[in-house]
Amino acid sequence: MSRPFNRMPADRVGENNPSIWVELGALASENNAVNLGQGFPDGPAPKFVTDQLKKISKHPELTSAHQYTSGHGHPKLVNELSKWYSYLYQQQVNPKTNSLVTVGAYHALYYSFHAWINKGEEVIIIEPAFDCYGPQIKLAGGVPVSIVMNFPDGGTDASQFTVDFEKMESSITEKTKMIVINNPHNPTGKLFNRMELLKIADIAQKYDLIVVADEVYEFHCWGVNKMIRFASLPGMWNRTISIGSAGKVFSITGWKLGWAIGPDHLLAPLKAIHQKCTYACSTPTQLAVAMAFEKEWETFYFKPHKSYLGGYLPEELENKKKKLQKMLVKAGFSPILPQAGYFMLANYSNNNAGFKSSEETDELDDYSFTKWLCTEKKLAVIPFTAFFSKNEDKLKNTSFVRFCFFKKDKTLIDAKKIMKNLSK
């Protein structure tokens, strides 16, 4: 006689609920909504990048393009990463020991936490924060400790999000092992300035902490705003794991390639996990990304304003940011102007859109507004509270939603039409 299956999954897995990205992505699809929620460009990928993959596909005889490659990264790609980051960090990056290619930046983050966090050890996270940090840390047995940024009532610029460094330092215990910083910052659009980064560096030095620097939007800076990579700060190379993403760099999120860059003593345990997990990433896409970096390098190095990453991409982002800003203001939203990245927060509480919060539900207002906007008006956005871990912090931040403006012109035009009719 067979027994009914009643085994429980491992405790570390936690609740098996779909993430907000899965839930709201499905809602947007069901309602055929204009999607300004999820953070991916919906226009064509850069042709000079996809052309590299096209070239590779025409040569099936190339073993280096279609068979297993080096587990830690295709030789050509790690050489390109070495060249680029040696220049960007002003620090010699060894292609053999200082990089690890992963299945997207998510994977690099996962490895970083699992390689360095023991049960009960604490990791400081600056909130609002991308919602994978906390769950990944918990899955590794660690304890996330949130430090919520301050923002003034009536604030209008992402630079006004500030870290309480006294609170950060007072939150450090003998169990604290790591700080996670996301710069440029998702979802606020903040670009941390040198003084702020140096304060984090001082704390890391003082308490001997590892820093995981999630810098996937590193090339998404425009105007006078300049990206300062954390590993380039004095003394920080030896204690920083920097996370990058080909998907974000070249607007090819579906290729799912990322990397971790850092000193060999920090990367060695990540590589130990990698060789027992994925072992190696997709060979042709690695090679194509390497070729794209190679093609971009000379222009970026000598004439950055004429390059894709130093000129075209920042200009395109700034133009789209301005378009969304105007749309939001006309629709009665109060936007928070980003300094970098491709997201913009906006306060919806003063617009006359016809949405009425209900006291009969336990749902947070921004979440209810997001679902109403998607189902009734066919416009998808992301609730701001998704980026906070504690209920008390969520309850203080229910008046904002996040928009992604890195979309093709038609998508922005369709969104503009919806916004014009919000109050009808």
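1. In this predicted model, a good place to begin is aspartate 208, which is exposed, with a relative accessible area of 58%. Its salt-bridge partner is arginine 239, and the closest N and O atoms of the two residues are 3.3 Å apart. Arginine 239, by contrast, has a relative accessible area of 15% and is buried, because buried means under 20% relative accessible area and exposed means over 50%.

2. Where do arginine 239 and aspartate 208 lie along the chain? Arginine 239 sits in the loop between strand E6 (210-214) and strand E7 (240-245), while aspartate 208 sits in the loop between helix H8 (194-206) and E6, so the pair ties together parts that are 31 residues apart in sequence.

3. The structure holds 12 salt bridges, and another of them is formed by glutamate 196 with lysine 190, whose closest N and O atoms are 2.9 Å apart. Are these two residues, glutamate 196 and lysine 190, buried or exposed? Both glutamate 196 and lysine 190 are buried.

4. A further salt bridge links lysine 47 with aspartate 51, with 3.0 Å between the closest N and O atoms. Both residues belong to helix H2 (residues 47-57), where lysine 47 and aspartate 51 are 4 residues apart, about one turn of the helix. Lysine 47 is exposed, its relative accessible area being 58%, whereas aspartate 51 counts as partly exposed at 22% relative accessibility. As general background, side chains of opposite charge can pair when their charged atoms come close.

5. Turning to a polar residue, threonine 176 is found in strand E5, which covers residues 176-182. At 10% relative accessibility, threonine 176 counts as buried. Its side chain is joined to the side chain of glutamate 122 by a polar contact of 3.4 Å, and a polar atom of the threonine 176 side chain also lies 2.8 Å from the backbone nitrogen of threonine 173. If its neighbours within four places in sequence are left aside, threonine 176 is in contact with Glu122, Ile124, Ser171 and Leu209.

6. On a broader scale, the domain assignment of the protein chain gives domain 1 (14-43 + 311-421) and domain 2 (48-304). The C-alpha centres of domain 1 and domain 2 lie 25 Å apart, and 32 residues of domain 1 are in contact with 33 residues of domain 2. The size of an interface is often given as the accessible area lost when the parts come together. For domain 1 and domain 2, the buried area is about 2,700 Å², and carbon and sulfur atoms give 59% of that area.

7. What is the count of salt bridges between domain 1 and domain 2? The count is 0 salt bridges, although 11 residue pairs are in polar contact between domain 1 and domain 2, both residues being at pLDDT 80 or more. On the side of domain 1 that touches domain 2, at least two residues each are supplied by helix H1 (20-30), helix H12 (308-330), strand E9 (334-336), strand E10 (343-347) and strand E13 (400-404). The largest share of this side of domain 1, 6 residues, comes from H12. By class, the side of domain 1 that touches domain 2 has 22 nonpolar, 5 polar and 5 charged residues.

Terms used. Residues are numbered from 1 along each chain as its sequence is written. This is a predicted model: local features need pLDDT of at least 70, side-chain atom pairs count only at pLDDT 80 or more; totals for chains, interfaces and linings use all residues. Side-chain values use heavy atoms; hydrogens and water are left out. Buried means under 20% relative accessible area, exposed over 50%, partly exposed in between (1.4 Å probe, protein chains only). A polar contact is a pair of N or O atoms within 3.5 Å; within protein, one must be able to donate a hydrogen and the other to accept it, and residues adjacent in sequence count only if both atoms are side-chain atoms. Contact means heavy atoms within 4.5 Å. Domain bounds come from an automatic or database domain assignment. Buried area is the accessible area (1.4 Å probe) that two parts lose on being put together, summed over both. A salt bridge is a side-chain nitrogen of Lys or Arg within 4 Å of a carboxyl oxygen of Asp or Glu. Ala, Val, Leu, Ile, Met, Phe, Trp, Tyr, Cys and Pro count as nonpolar, Asp, Glu, Lys and Arg as charged, and the others, Gly among them, as polar.
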